[in-house]
Amino acid sequence: MSARDAILARFPCSGSYFALLAPHGHTETNLHTGVSLHHTLAAEGVKGVKKALATELKSGATLQRYVYVELDESAGEAGVERAIVNDPLFLDEQTLVLPVPSIAELEETNRGVTLARLSSPVDVGHCSFLLEARFDETGLAARMMLAAAQSLPALQAGAYSPLDLPVGALWGGLRSAGEKKWV
């Protein structure tokens with residue numbers, strides 16, 4: 001199994017939904033870890049930012065910067081994002097500013113993946129979908145197994161992949177609340 005296939009196996013639903021939404025495109029996947037994050041004084045100097053970490057993701061000839069910011073309670077996300085994106089340090093490449101509850105917790109995260117689905121250049125709309133995840137593999141696997149087990153009473157006997165399971169069934173007892181919030 002290739003590294004790309006191993007990554008997609010961790011996120012089968014997301015990869016498949018992305019492919020469904022951009023069927024004639026291609027998928028790029030990259031493993032990343034918290035180790036690739038570095039402190040950025042440029043972002044930490046912005047009013048309203050307590051702490052900040054940055055990382056870069058190179059995809060072909062394109063470079064994207066991700067700046068994770070822990071904000072003061074009074075800080076506005078839009079103003080902080082505008083200040084960081086317009087800083088001369090970040091002007092030359094696409095920069096995404098992502099508010100997080102705790103930079104310290106983010107630094108402790110040691111697993112992550114980016115999954116990007118890019119439509120074909122000839123497709124109308126030029127769709128692109130990006131999933132960036134940081135996770136504990138054991139906890140994530142346990143949650144998925146629990147969700148799958150909770151969906152069993154609604155299914156007939158047989159073997160299923162995560163794609164065969166109705167998303168609502170994976171919510172188990174939280175299905176009503178999940179549907180109201182997400183649908």
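Which residues make up the largest nonpolar core? I started there, working on a predicted model.

**Entry 1: the core**

I listed the 12 residues of the largest nonpolar core. They are A43, V46, V49, A52, A54, V67, V69, L71, V80, I84, F90 and V97. Next I looked up which elements supply two or more of them. Those elements are β3 (49-59), β4 (62-71) and α4 (77-85). I then found a second core, separate from this one, with eight residues. L57, Y66, Y68 and I103 are among them.

I picked V69 from the core list and looked up its contacts. Leaving out residues up to four places away in sequence, V69 touches V49, K51, A52, I84, V97, L98, P99, V100 and I103. Of these, V49, A52, I84 and V97 are also on the list for the largest core. I103 belongs to the second core.

**Entry 2: strand β4**

I turned to β4 next. Is this strand mostly covered or mostly open? It is mostly covered, as nine of its 10 residues are buried. I checked its link to β5, which spans residues 94-99. The two strands run parallel, and six bridges join them. I noted one facing position: R65 stands opposite T95 in β5. I also followed the chain from β4 through α4 to β5. Together they make a β-α-β unit, and it is right-handed.

**Entry 3: salt bridges**

How many salt bridges does the count give? I got three. In general, side chains of opposite charge can pair when their charged atoms come close.

I took K50 and E70 to begin with. Their side chains meet in a salt bridge, at 3.9 Å from N to O. K50 sits in strand β3 and E70 in strand β4, so this pair ties together parts that are 20 residues apart in sequence. I compared their surroundings as well. K50 is partly exposed, with a relative accessible area of 45%. E70 is buried, at 12%.

Then I went to R65. It forms a salt bridge with E56, and the closest N and O atoms are 2.9 Å apart. R65 forms another with D92, where the closest N and O atoms are 2.9 Å apart. The R65 and D92 pair links distant parts of the chain. R65 is in strand β4, D92 is in the loop between α4 and β5, and 27 residues separate them. Through shared partners, E56, R65 and D92 join into one network.

Which of these three counts as buried? R65 does, at 11% relative accessibility. E56 counts as partly exposed, at 43%. D92 is exposed, with a relative accessible area of 52%. The cut-off for exposed is over 50%, so D92 falls on that side of it.

**Entry 4: the loop after β4**

I moved on to G76, which I found in the loop between β4 and α4. It is partly exposed, with a relative accessible area of 42%. I looked up how G76 stands to G48. The two are 28 residues apart in sequence. In space they are 7.5 Å apart, C-alpha to C-alpha.

**Entry 5: the loop between β6 and β7**

I checked two residues in this loop. S119 lies between β6 (112-118) and β7 (128-134). P121 is found there too, in the loop between β6 and β7. Where S119 counts as buried, at 12% relative accessibility, P121 is exposed, with a relative accessible area of 68%.

What does S119 touch, not counting residues up to four places away in sequence? I found A22, G25, H126 and C127. G25 came up again when I looked at P121. P121 and G25 are 96 residues apart in sequence, yet 8.1 Å apart in space, C-alpha to C-alpha.

**Entry 6: confidence**

Last, I looked up how sure the predictor is. The protein chain has a mean pLDDT of 77. Of its residues, 84% reach 70 or more. Where is confidence lowest, and where is it highest? The lowest mean, 51, is in helix α1 (residues 3-10). The highest, 92, is in α4. I noted that α4 is also one of the elements giving two or more residues to the largest core.

Definitions and conventions:
Residues are numbered from 1 along each chain as its sequence is written. This is a predicted model: local features need pLDDT of at least 70, side-chain atom pairs count only at pLDDT 80 or more; totals for chains, interfaces and linings use all residues. Side-chain values use heavy atoms; hydrogens and water are left out. Helices (H or I, at least four residues) and strands (E, at least two) are DSSP runs, numbered from the N terminus. Buried means under 20% relative accessible area, exposed over 50%, partly exposed in between (1.4 Å probe, protein chains only). Contact means heavy atoms within 4.5 Å. A nonpolar core is a set of buried Ala, Val, Leu, Ile, Met, Phe, Trp, Tyr and Cys residues joined through side-chain atoms within 4.5 Å. Two strands pair if DSSP finds at least two bridges between them. A crossover is right-handed if, with the strands pointing away from the viewer, the path from the first strand over the helix to the second runs clockwise. pLDDT is the predictor's confidence in each residue, from 0 to 100. A salt bridge is a side-chain nitrogen of Lys or Arg within 4 Å of a carboxyl oxygen of Asp or Glu.
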